[in-house]
Structures are given as structure tokens and as C-alpha cells.
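Me: I have a structure open and want to talk it through. Can we start with how two helices pack, then move around?

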Amino acid sequence: MAVSDPARRPIELADATRESRAMPRWLSLLSRRKITLAGAVIMVAISVVAVLAPFIAGDPARMDVAVRLSRPSATHWFGTDDVGRDVLSRVVYGARLSLVVGIWVVVLSFILGVGSGVVAGHFRALDNVVMRVMDGLMAFPAIILAIALMASLGPSTMNVIVAIGIVYAPRVARVVRGSVLVIRETSYVEAARALGASDIWLIGRHILPNCLSPVIVQGSFVFAAAVLTEAALSFLGVGVPPYVPSWGNILSEGRLYLQQAPWLVLYPGAAIMLTIFGLNLFGDGVRDLLDPKIRGLSSDRQRAG
Amino acid sequence: MRTYVVRRLLALIPVALVVATVGFVLIHLAPGDPASIIAGPDASADDVQKLRSQLGLDEPLVMQLVHWYGRLLRGDLGRSIFLRKPVTEAIADRIEPTLLLTLMATLIAVAIGVPSGVLSARYHNSVTDQAFMVLALVGISIPNFLLGLLFVLCFGVWLGWFPVAGYSPLEYGWLKTLRSLVMPAMALGLVQSALVARIARSSMLDVLREQFIVAGRAKGLGERLVVYKHAFRNALIPTVTIIGISFAILLSGAVVVETIFNIPGLGRLIISAVLRRDYPVIQGVVLCIAGVSMLINLAVDLSYLVIDPRVKYR
């Protein structure tokens, strides 16, 4: 989704450079963009909740059938589910699971994707083979391939990460290959090559560091997609096992009690929306920050009126 | 022009080969021997052995792969273990609701997304633009299955305007079918329209910065003519691409949303197959959906010939 989205306020570059002595440039740029900052705040808040889950919430597995499907109240802020588990605790622990899945999917898809993208971009002989495999994997719609992989791997949190990681690796590989193709033609790479640099040196020293920024942008989108896909898989009953508190699992139970207990859908639903919304705000902002072309354009536009 | 078409068709071959191989790998990825999985946990060792030779699993892996390609070319996807009929038949029984749902959702996504994207671009940075874009950002943050659940809650349970779940096949009258698909199609289409709107808007903005737009304005063309005739036609190319991609996304989204509304489509088929470990059905549905998305991509590529005259000379 590398598309410019000029709705947000252009940055004043002059001011940003003036303040760069006081704080790092990225931080000053970030603080100037309210929308990006809002995204960052949402993400930090959710991460804090996820990390501090044991201190905030009660035991998400404790059942109390006497109070099953009770409305939100002072003791159970988000109500209880069909076996009397506290929905607030489950939503809070669900945040933990979502973040764990998101982080590990990003790590895994980056290892696979950056690896094959660099190989395809740098070693021309392998380009066709590697990229055709990636095209083939991308011919499957993401959720469908994830469902099929889960069918083979069996339900577990680890397998959800592996399945979603495999699904998103080709998408990362494409972006990486694209920037490697540009970087390998630059004069500094040519110069290093003329000096007799080895492939490993070229990749590690010149190519990888320079193709990082488009990849980092991709990272926040992969993260959002991973959270969404995990929720969808669990909702369908083919994701993490049902006893694990996950937003998708809560929704899946909630679907059966929609009439009696809408809070089972509303609270985890709000959590998913808030997380994805935060990631999208943040991702859009980071993309614009790291892409000097778009940054330049927005200040041009401002000057034009 | 013909070379373009031929090149596109040839490019499909390696992709199709990889897709077929992935379909093959899927069943071999499962822990344990496919034959014992298919036979179930309480089958005797003898039965498993018989099934193994019946399925050709005692042959070398390479030969199995070759046979697999051969069967796919003949359109043979194997037999369902649970439903006891050919997978192709099982898919044919279930494809109608999924395709109708996807089509309806795509229409909704385009009908809402393209006009709002174009309007946002025309009145760039105005209140309309910002309102549309905030809406779009909220839109892409709602997963379709969540929106579906909220619709059921709101329009089905609380207001009672639409049936909460279920599907009425075409043979009982298309009006009933349409009614049963309104909520799921809206759930899918509205979310996708947000993405379409964002792409349409940014490609319009890109085109509006081009020299020929400046030239058009300079020679005194009205703003309406500049925007809707000259700019829009050029902005169509990325927009059509995203509509094609949308169809594929919505097809897989339909698979998810079907669960909420109890629609007996491909989605229910594959999910129940996963729960029953009915691998031939899983393979079949996955390959079928991948095949449809490949054809859609081809159609999108070929549609450039109509939209963008520059493609003909390549």
C-alpha cells in the first residue's frame, strides 16, 4: 500500500531542522504530526496493557458458572461469557496474544522475506526462480492460504505464527527485491564492487542498510495484517486453541450469544478496531516520514497553496 | 497487442505450477502420514496400507507430484473423505452463494469507493476530503467479520430489518437471495470501499499534478471536464487494479463472513473440511480460489488494453 496519502498536515521542514539539536529528528517529526503521534500513543497504551496484563486483569481462565453471561457490572466491567469467565481479563490477555503474534509474524516474515528478496535482487540468476515461487504463493488470498496451512499444521499459537509468517513473507520479499534492484545500480555499490568487495560484504554493508526504510514501513502493515488474520482464524475456529484468550476466540463464542450477551462481541471488537486503527495511523505516518519523496511533495503542496 | 496477451498468458504458467505444487505440499506438511490421517485414528494398519497404495502414497515423492499435476490437468481434484463424492462436485454445489456474495460486495465497494475517492481528490484538503479520509481510515480498521457481527446485532437482532442468518438459493427467486445477501455483502463491501477510496483518491491526486492537466486548465477547459474526463480516465488504471485485487480479497473475505451468516458457500465447506481433516476438500477449495484470483488478475491485466492505449505499443 505504498501510496501517498496527502490528507495529513504537511511538515514544516525548516522548523524540524532547527529543533534537531534538541531531540532526534524522527522524534521531532513525530511530535509535529498529531495523527501519527495519536497512532503511537494508542500502540504504546495497548502494549502497556498487554505487558502488565497480570497486574491489571484477573485470571482469564477462571470460570464461575453462577454468573455466566452476566451484564457488565462493577465486579465484571466487560461482563462475563458463557462459562462465567471475566471478559475484561480475556480481552486484556487477548491484547497480549495479539501483540505476541504480531511481533513474531513480523520477525518470521522478515527473515524469510528479506532473505529471499535480497537473494532475488542481488543474484540475478536466482531472481526468476525465487520470484516465481513468491508469485505463486501470492496467488493464494492471504486468509485462504493461512487456513490451509493451519489445517496441515494443527491448531496452536506457534503454528498460527508460522502460517501467517509464511503468508506475508512473499509480500515483504517483493518490496525488498524492488529496493535491492535500485540500490545495486547505485555508484557506491559499483565502487565497492570495483574495489573487490565480496557479495556478503556488499549485502551486509551497503544493500541491507539502504533497503531498510521501505521494509520498516512494510513492518507496521504486516503487523496489522497479522493481528487481523489471527483474529479471523481464531474466529473461524482454526486459529489458536479455544482455551487461549484471544480476541478472535472471544468473538467466536460471542457470535453464539449475540442476543443475550452483545458485550461478548462489542468489547473484543472495539479492542481489535483500536489496535488496527492505531497501527494504520502510525504506519501511514512512518511511511511518510521515511519516504523523502512524499515528504518533499507535501511541503511543495503546502507552498503551492 | 497480441504479444501482450500472449506474454500475459505465458506468465501464468509458472505461477500455476507453483500454486499446484503448494496444493500438493499442503497435505504432505501435516505431521504423520497422509494415509493414516485420511483413514482416521481408529483405522487398522491394514486399511491404512491399502489406502496408501490406493492413493499412490507408496510411490516416490517425485512420481506422486507428477501424477498430481496430471490429475489437476484433467480437472480431477480427488474425492472427499467425509462427503463421499468428488471434490469438484462438492465445490460446484457450494460455489453459487460465494460468487454472488463476492460480486455484490465488489459492486458495493466500487459504487461507494470510487466516487468518494474522486470527490476527495477534486476537493482536496477541503472538509469533504478530510471527512471522507477519516471515514476511510476507520473503515480499513474494521475487520469484515466484526462489521458483519455488528450488522447482525444492529439490523438483525435489534431492528429486525434483515434475516439474522441463512441463504435463499437463486432457484427460490432472486429477490429473496438478494435480501439474504444484503448484510454480508455490505459488511464486506463497506470495508473494501475504504481501501478503494484511498487508492482512487491518491491516483487522482497524482494525475491532477500532471502537465496535461495544467495544459487543459490553461486552455480554459472547465474544471468539471478536466477532472471527470481527462484526469479520471488516467486515474482509472491503478483503480482498476485495486478493483481486481478487491475481488480476490472479497472472495476470501466471503469465506470468513459466510460463517457469521450461516451461508452454505465455499467458506463453510473449507472450514468444516478443516475441522474434519478432509484434506482433498481443503486442497480443492484452496486451489479453486487461487485459480479464480489468478484469472481475475489476468482479466485486470488485459483490461489495461481497453483503458490505457499506451499498453498496445509495448
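**Helix packing, then the rest**

Reply: Sure. This is a predicted model. In chain A, helix H5 (residues 87-122) packs against helix H8 (residues 157-183) at an angle of about 40°, and their axes lie 6 Å apart.

Me: What do we call H5(A) relative to H8(A): parallel, perpendicular or oblique?

Reply: Oblique. Angles under 35 degrees count as roughly parallel, and 65 to 115 as roughly perpendicular. At about 40°, H5(A) is therefore oblique to H8(A).

Me: And is the crossing left-handed or right-handed where H5(A) passes H8(A)?

Reply: Right-handed.

Me: What classes of residue make up the contact of H5(A) with H8(A)?

Reply: There are 21 nonpolar, seven polar and one charged residues in that contact.

Me: OK, zooming out. How many helices and strands does chain A have?

Reply: Chain A has 14 helices and zero strands. Of its 305 residues, 46% are buried.

Me: What about chain B, how many helices and strands there?

Reply: Twelve helices and zero strands. Chain B has 314 residues, and 40% of them count as buried. Its C-alpha trace spans about 85 × 55 × 35 Å along the principal axes.

Me: Which contacts in chain B join residues far along the sequence, and what percentage is that?

Reply: Take the contacts between residues at least 6 apart in sequence. In chain B, 71% of those join residues at least 24 apart. In chain A, residues 24 or more positions apart account for 68% of the contacts with a separation of 6 or more.

Me: Now the two chains together. How many residues does each put into the contact?

Reply: Chain A puts in 41 residues and chain B puts in 47 residues.

Me: Which helices of chain A supply at least two residues to that side?

Reply: Five segments of chain A do: helix H6 (124-138), helix H7 (142-153), helix H11 (212-236), helix H12 (247-256) and helix H13 (263-290). H7(A) gives the most, with nine residues.

Me: And how do the residues on the chain A side divide by class?

Reply: Into 30 nonpolar, seven polar and four charged.

Me: Let's go inside. How many residues are in the largest nonpolar core?

Reply: It has 167 residues. Ala146(A) and Ile147(A) have the most contacts inside it. Helix H10 (residues 223-261) of chain B brings the largest share, 18 residues.

Me: Why would nonpolar side chains be buried together?

Reply: As a general point, that is a tendency in soluble globular proteins.

Me: Which residues does Ile147(A) touch?

Reply: Skip residues up to four places away in sequence. Ile147(A) then touches Leu233(A) and Val238(A), plus Ile270(B) and Val274(B).

Me: New topic. Where is Pro115(B) found?

Reply: In helix H5 (residues 87-122) of chain B.

Me: Why does Pro115(B) count as partly exposed?

Reply: Because Pro115(B) has 14 C-beta neighbours inside 10 Å. A residue needs 20 or more to be buried, and 12 or fewer to be exposed.

Me: What separates Pro115(B) from Ala45(B)?

Reply: They are 70 residues apart along the chain, and their C-alpha atoms are separated by 63 Å.

Me: Last one. Why does helix H9 of chain B lie largely in the open?

Reply: H9(B) covers residues 211-218, and of those eight residues the number buried is zero, so it lies largely in the open. Just after H9(B), Gly220(B) takes a positive phi of about 90°.

Key: Residues are numbered from 1 along each chain as its sequence is written. Chains are lettered from A and ligands numbered from 1 in the order in which they are written. This is a predicted model: local features need pLDDT of at least 70, side-chain atom pairs count only at pLDDT 80 or more; totals for chains, interfaces and linings use all residues. Two residues are in contact if their C-beta atoms, placed from the backbone, lie within 7 Å. Helices (H or I, at least four residues) and strands (E, at least two) are DSSP runs, numbered from the N terminus. Ala, Val, Leu, Ile, Met, Phe, Trp, Tyr, Cys and Pro count as nonpolar, Asp, Glu, Lys and Arg as charged, and the others, Gly among them, as polar. Axes are lines fitted to C-alpha atoms, for helices over the stretch in contact, and angles run from 0 to 180 degrees between N-to-C directions. Angles under 35 degrees count as roughly parallel, over 145 as roughly antiparallel, 65 to 115 as roughly perpendicular and the rest as oblique. A crossing is left-handed if the near helix is turned anticlockwise from the far one by less than a right angle, and right-handed if clockwise. A nonpolar core is a set of buried Ala, Val, Leu, Ile, Met, Phe, Trp, Tyr and Cys residues joined through C-beta atoms within 7 Å.
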